[in-house]
Amino acid sequence: MHSWSKFLGCLAACCLSGCLTAMPNSPGAVKSTGSATTDPPPSAGAFVWPNGTRAAISLTYDDAIQSQLDNAVPALARHGLVATFFLTGTSGVVQQSPERYRALVQAGHELGSHTMNHPCDRGMSFVKPGFGLQDYDLARMQTELTENVQQLRDLGQKEPFSFAYPCGSTWLGEAHTSYIPLIEQTFVAARGVDARVDDPARDGLFQVPSTMGNAAGSTLVTWVDRALKEGGWVVFTFHGVAGDYLAVEADAHETLLTYLEQHKRSVWTERFGSVAQYVKAQRKQ
Ligand SMILES: [Zn+2]
């Protein structure tokens, strides 16, 4: 699952995911003191983010790979930021070091589901025989999702759970049947792969857009600025962090985290599931 072949397969669109719990008073929330800059106030009718913030950012890390624990987690801690880790249940890192994932929950991070076996189109080079999406039906997917969610519970994650579609694919079986209805039954939200700013007032919660994080620091920061300009939600999808595959370089990751810390009065950096819960609650009002 974590080989070069997977790296190549992921290049296309890989690894999407879901979300978890977040409330305005969560570790990522900040006091409403306004921006230190001269940013204009939100326009009338704009979606209202908590505590005077004007945009939301979620940092998500897929596939349960070693460089995330070794490099992303310490960087997040230095900047006082929380994130979502979408776990592939059969990842050797999870299997061998469950205590490191329990520690993430205790530190305020979210663990989300990325399935047990990371099924993608069998045409992708890393897909093992029998584990292509064409080999699945809804019953098998449900069984494996249940197993993955139980794994999250065992690691200390509380409901509601978030999800990220492996490879961004929302279908299974030879007929390409949508499995989004299954996801809607089990999760509060799910991450997709459409690289744009989410409009929280209109967009659905079961294919939340996201942009790939293996980019230059200046590019990553531009996405934060776009979120502020549109008053929306930007979700970053990371794989390797200064290591492994589809990796963001350490300095680019650091540039983004520094920018988020500097703009915490105007930008709500929060776990994917927590933002989804907030959006869902706001819409009911
Ligand atoms: Zn993935």
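**Exercise 1. Ile183 and its surroundings**

Task: In this predicted model, find which residues Ile183 is in contact with, leaving aside its neighbours within four places in sequence, and decide whether Ile183 is buried or exposed.

Solution: Begin with the contacts, which, once the neighbours within four places in sequence are set aside, are Phe163, Ala190 and Phe206. Next, place the residue in its element, since Ile183 lies in helix H6, which covers residues 180-186. Then count the C-beta neighbours inside 10 Å: there are 22 of them, and because the cut-off for a buried residue is 20 or more, Ile183 counts as buried. Finally, compare sequence with space, where Ile183 and Tyr165 are 18 residues apart along the chain and their C-alpha atoms are 9.4 Å apart.

**Exercise 2. Two residues with positive phi**

Task: For Cys167 and Ala242, state where each residue lies and work out whether it is buried, partly exposed or exposed.

Solution: Start with Cys167, which has a positive phi of about 60° although it is not a glycine, and which is found in the loop between S4 and strand S5 (171-172). Within 10 Å there are 21 other C-beta atoms, so Cys167 is buried. Turn then to Ala242, whose phi is near 55°, again a positive value in a residue other than glycine, and which lies in the loop between S9 and helix H8 (250-262). Here 18 other C-beta atoms lie within 10 Å, and because a buried residue needs 20 or more while an exposed one has 12 or fewer, Ala242 is partly exposed.

**Exercise 3. Strand S9 and its partners**

Task: Describe how the residues of S9 point, and which strands S9 pairs with, including S1 and S8.

Solution: First look at the two faces of the strand, for Trp233, Val235 and Thr237 point one way, whereas Val234, Phe236 and Phe238 point the other way, and all are buried. Next take the pairing with S1, which runs parallel to S9 and is joined to it by six bridges, with Ser58 standing opposite Val235. Then take strand S8 (residues 211-212), which pairs with S9 in the parallel sense over two bridges, and in which Thr211 stands opposite Phe236. Between S8 and S9 the chain passes through helix H7 (residues 217-230), and this β-α-β crossover is right-handed. As a last step, consider Val234, which is among the residues with the most contacts inside the largest nonpolar core, a core of 74 residues; beyond its neighbours within four places in sequence, its contacts include Ile57, Thr211 and Trp223.

**Exercise 4. Strand S2 between two partners**

Task: Follow Thr84 in S2 and name the residues that stand across from it in S1 and in S3.

Solution: On one side, S1 and S2 pair in the parallel sense over three bridges, and the bridge partner of Thr84 is Thr60. On the other pairing, S2 and S3 are also parallel, over four bridges, and Thr84 stands opposite Glu110. To complete the picture, S1, helix H2 (residues 66-79) and S2 make a right-handed β-α-β unit.

**Exercise 5. The span of helix H9**

Task: Check whether the ends of helix H9 (residues 272-284) are as far apart as its 13 residues suggest.

Solution: Using 1.5 Å a residue, the expected span is 18 Å, and because the end C-alpha atoms are 19 Å apart, the two values agree. The buried residues of H9, among them Phe272, Val275 and Val279, pack against several strands, including S1, S2 and S9.

How values were computed. Residues numbered from 1 in each chain as written. Predicted model: local features only at pLDDT ≥ 70, side-chain atom pairs only at ≥ 80, totals over all residues. Expected span 1.5 Å × (residues − 1). Contact = placed C-beta atoms within 7 Å. Pairing = 2+ DSSP bridges. Right-handed = clockwise from strand over helix to strand, strands pointing away. Core = buried A, V, L, I, M, F, W, Y, C linked by C-beta atoms within 7 Å.
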